[in-house]
Amino acid sequence: MTEPRTLPPFASDNYAPAHPDVLAAVAAANDGYAVAYGDDPWTARLDARVREVFGAGALAFPVLNGTGANVVSLTALSPRWGGVVVSDVAHVNTDENGAPERVGGLKLLACPSADGRITPEDVLRWAGQRDDVHRAHPAVLSLTQSTELGTVYPLEELRALAHVAHGLGMAVHVDGSRLANAAATLGCSLRALTTDAGVDVVSLGAAKNGGMLGEAVLVLGPDDAPDAASARARESAQAAVPFLRKATMQLASKTRFVSAQLLALLREPGTADDEPLWHRNAAHANAMAARLRAGLEGLGGDVVRVTRPTEANAVFATLPRAAADRLRAVARFYDWADGEAPDRVEVRLMCAWDTAPETVDAFVAAAADALA
């Protein structure tokens, strides 16, 4: 039997508990009977709130999990012979057990990336396959925001990518499991990061930002589309998603409990706190990651080397493997890649909405002891 770890984990923001406001919203939704499969007051209120936050024509379709949101989104945007341009480290490419291929029948077209982000040049590289019957037709550009490497697409880069993709007749999808963290980093609204940037469909995350379970497929409004290709993609997706959600087993009978969580995170107008819960949770997680990075850098770059930008709630660093193993006895975290030498390893450290400053400081102190 292993001894219990003394600190909360830094392995994933998925490990964090649900926020009390989310649990309270679920409990409130548990009052009596409600029509099943989304025809309930909570889902109707979610529809209204999504239109307020993302634009008048936006539609939200609650689903059970992030992989399901991605599969439904990408399948709705792509023909049967289509391909999806993604980063090589995108979650849909590395951590979903081939679900887009197995369930959606899609071909993922992976682009090598240095920091998890795709460039317009990466998209243009696939342009020659559009009319080649022997190759998958590049139909969708899928971006992860923030990326698996903790980086964030700035607004101008998003707009440039959407412009190139739409010019090639492609739709634009965002895997937004950590969309809130990106928006908090950039100091912008969720609409600015999606609708106004030319994104067509979003897998809107909740579980990593204080939710209990469930996400949403968000199809943005055709009237807010930047061009005709985008408008057609959105119209088609809005018609297809209800059927795809059921066919892929992502339609919850008691949808009200998923909708209630999303409502709590988006924070309906008139609540006591005007700051949306999604922003408060994400901004705190980002701040704790910045604090963690500063603490690790203070241990000396010769033993701990922060390897990637800390733009959201993730810190990547290399350290001696032996020290990492000792530190793992204090708090759980994951190895990410090999380090600069055989005796070093790159680790990923994730902060969450409930990560406390004293937890970060205690982890840094434990790292110092492990390195000693």
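Two strands count as paired if DSSP finds at least two bridges between them. By that criterion, S6 and strand S7 (residues 215-219) are an antiparallel pair with four bridges. The views below show this pair and other parts of a predicted model.

**Figure 1. Overall view of the predicted protein model.** The protein contains 14 helices and eleven strands. Its radius of gyration is 21 Å, close to the 21 Å that the globule rule gives for 372 residues, so the protein is as compact as a globular protein of that length. Along the principal axes, the C-alpha atoms fill a box of roughly 60 × 55 × 40 Å. Of the 372 residues, 56% are buried. Among contacts with a sequence separation of 6 or more, 75% join residues 24 or more positions apart. The exposed surface is about 15,500 Å², and carbon and sulfur atoms supply 54% of it. The protein carries 33 positive and 45 negative side chains, and the centres of these two sets lie 4 Å apart.

**Figure 2. Strand S5 (residues 171-176) and its enclosure.** Buried here means under 20% relative accessible area. Six of the six residues of S5 meet this cut-off, so the strand is largely enclosed by the rest of the structure. Both of its faces are covered. One side holds Ala171, His173 and Asp175, the other Val172, Val174 and Gly176, and all of these are buried. Strand S4 (residues 137-144) pairs with S5 in the parallel sense over five bridges. Within this view, Thr144 stands opposite Asp175 of S5.

**Figure 3. Surroundings of His173 in strand S5.** His173 has a relative accessible area of 0% and is therefore buried. Which residues is His173 in contact with, leaving aside its neighbours within four places in sequence? They are Asn70, Ser73, Leu74, Leu77, Val140, Leu141, Ser142, Leu143, Val201 and Ser203. One of these contacts, Leu143, is 30 residues from His173 along the chain, with 6.3 Å between the two C-alpha atoms.

**Figure 4. Strand S6 (residues 201-204) with its partners S5 and S7.** S5 and S6 run parallel and are joined by four bridges. Gly176 has Leu204 as its bridge partner in S6. The pairing of S6 with S7 is antiparallel, again over four bridges, and Val202 stands opposite Leu218 in S7. S6 is covered on both faces. Val201 and Ser203 lie on one side, Val202 and Leu204 on the other, and all are buried.

**Figure 5. The open sheet S8-S9-S11-S10.** This sheet has four strands with antiparallel pairing. Its edges are strand S8 (305-306) and strand S10 (334-338), each of which pairs on one side only. Four bridges connect S10 with strand S11 (residues 344-350) in the antiparallel sense. At one position of this pair, Ala337 has Glu346 of S11 as its bridge partner.

**Figure 6. Backbone geometry at Tyr37, Asn97 and the Gln145 to Ser146 peptide bond.** Most residues other than glycine have a negative phi, and most peptide bonds are trans. Tyr37 has a positive phi, near 60°. This tyrosine is in the loop between helix H1 (20-29) and helix H2 (41-54), and with 44% relative accessibility Tyr37 counts as partly exposed. Asn97 also has a positive phi, near 50°. Its loop runs between helix H4 (91-94) and helix H5 (99-102). Is Asn97 buried or exposed? With a relative accessible area of 62%, Asn97 is exposed. The peptide bond from Gln145 to Ser146 is cis, and its omega is near -10°. Ser146 belongs to the loop between S4 and helix H7 (155-167).

**Figure 7. Leu251 and residues around it.** Leu251 sits in the loop between helix H10 (228-247) and helix H11 (256-266). Apart from neighbours within four places in sequence, Leu251 is in contact with Tyr37, Arg245 and Lys246. The Tyr37 named here is the residue of the previous view with phi near 60°. Leu251 and Leu64 are 187 residues apart in sequence, while their C-alpha atoms are 7.2 Å apart in space.

Conventions:
Residues are numbered from 1 along each chain as its sequence is written. This is a predicted model: local features need pLDDT of at least 70, side-chain atom pairs count only at pLDDT 80 or more; totals for chains, interfaces and linings use all residues. Side-chain values use heavy atoms; hydrogens and water are left out. Helices (H or I, at least four residues) and strands (E, at least two) are DSSP runs, numbered from the N terminus. The radius of gyration is taken over C-alpha atoms; the globule rule is 2.2 Å times the number of residues to the power 0.38. Buried means under 20% relative accessible area, exposed over 50%, partly exposed in between (1.4 Å probe, protein chains only). Contact means heavy atoms within 4.5 Å. Accessible areas come from the Shrake-Rupley method with a 1.4 Å probe; for residues, only the protein chains shown count as cover. Lys and Arg count as positive and Asp and Glu as negative; His and the chain ends are not counted. The place of a charge is taken as NZ of Lys, CZ of Arg, CG of Asp or CD of Glu.
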